[in-house]
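Reader: I'm new to this one and would like to go through it slowly. Could you show it to me?

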2 protein chains.
Amino acid sequence: MFELDFRSRKPIYEQICDKIKELIALGDLKTGEQLPAVRALAKEIGINHNTIQKAFAQLEREGVIISITGKGSFVSGDADHKAVFRQGALEEIARVIEKNLIYHITLEEVIETAAEVYRKSSEGQEGK
Amino acid sequence: MFELDFRSRKPIYEQICDKIKELIALGDLKTGEQLPAVRALAKEIGINHNTIQKAFAQLEREGVIISITGKGSFVSGDADHKAVFRQGALEEIARVIEKNLIYHITLEEVIETAAEVYRKSSEGQEGK
DNA sequence: GTAACTGTACCAACTGAAATAGTACAATTT
DNA sequence: AAATTGTACTATTTCAGTTGGTACAGTTAC
């Protein structure tokens, strides 16, 4: 269920947050669906349960999941997750472009770069 | 000369690397020009000289500057820094777009996002 | 030549965030 | 009742980043 990079600068608990959001965005985790138990997931990944707990607490703060003592953790249902994640993705892209404006890249170059990404992406998925 | 974020997740020495590259990209530091001395810059910013040293060592590894014991550190002259930095900027943008493809954003959305960034940017510089 | 400046190289110590380990408790399910 | 759930708390470890201090080699200026 998870592939983590233990050497990354990004903390494990944040990587877990990202992965969960990813699964939701992909539809692999649907609204209301139950997530793996804290301890079970920790054992599966091979990390401490406190780290999972930290990730889940974060996700709950963000409104992505809802955790109930004794029952479990579930994908929150009060928001269109996909739309929110898409918005967040676009905002991240905007931030990176903005940060790199100092290098005087043009809008045309950015568009060409983006188009190239999509070109390569569709190549890798032909016939899918 | 520098504005650093001491609360950032990004280490200070990396922020310094970025700033130096930025100054070169902006033309404020030209090829062959001498950089501030390690200790002087450390004192000015208010950090330890070892941190500056770490940043300069990194920049030399990247070929951005050349340091000579006894003389000082200078902007390297064997490359077109601006072109290199622009290329790096575009690559970073490409990476972020690629990473966010999982959220099924479209090329049109990315282009619109980029255009918006440039629109806001030019607004803030009218008459410049 | 020597004093003052350069970059460089150590090393010991501190700091803070992240992660671990272990235990405990409350709520729910079976 | 037993097992499972999320949650809480403390102590400990780990590691990168940073600091502080010292030392040395090469260059510049007097």
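Author: Let's begin with a term: a polar contact is a pair of N or O atoms within 3.5 Å; within protein, one must be able to donate a hydrogen and the other to accept it, and residues adjacent in sequence count only if both atoms are side-chain atoms. This is a predicted model, where local features need pLDDT of at least 70, side-chain atom pairs count only at pLDDT 80 or more, and totals for chains, interfaces and linings use all residues. Residues are numbered from 1 along each chain as its sequence is written, chains are lettered from A and ligands numbered from 1 in the order in which they are written, and side-chain values use heavy atoms, with hydrogens and water left out.

Reader: How far does a polar side-chain atom of A:Gln53 lie from a phosphate oxygen of DNA strand D?

Author: That pair fits the polar contact cut-off of 3.5 Å. The polar side-chain atom of A:Gln53 and the phosphate oxygen of DNA strand D are separated by 3.4 Å.

Reader: Which atom of DNA strand D does the backbone of A:Gly70 approach?

Author: A:Gly70 is among the closest residues to DNA strand D, which has 28 residues around it (near means a heavy atom within 4 Å). At 2.9 Å from a backbone N or O atom of A:Gly70 there is a base oxygen.

Reader: What share of the atoms of DNA strand C within 4 Å of the protein belongs to sugar or phosphate?

Author: One phosphate oxygen of DNA strand C is 2.4 Å from a backbone N or O atom of A:Ile12, and another contact to a phosphate oxygen, at 3.3 Å, comes from the side chain of B:Gln53. Bases make up the rest of the atoms within 4 Å, and the share of sugar or phosphate is 60%.

Reader: What kind of axis relates the two copies, chain A and chain B?

Author: Chain A can be laid on chain B, by least squares on the C-alpha atoms of residues with pLDDT of at least 70 in both, with an RMSD of 0.1 Å. The move is a turn of 180° with a shift of 0.0 Å along the axis. The two copies are therefore related as by a two-fold rotation axis.

Reader: Which residue of chain A has its C-alpha nearest that axis?

Author: Look for the C-alpha that lies 2.9 Å from the axis. In chain A, that nearest one belongs to A:Ile111.
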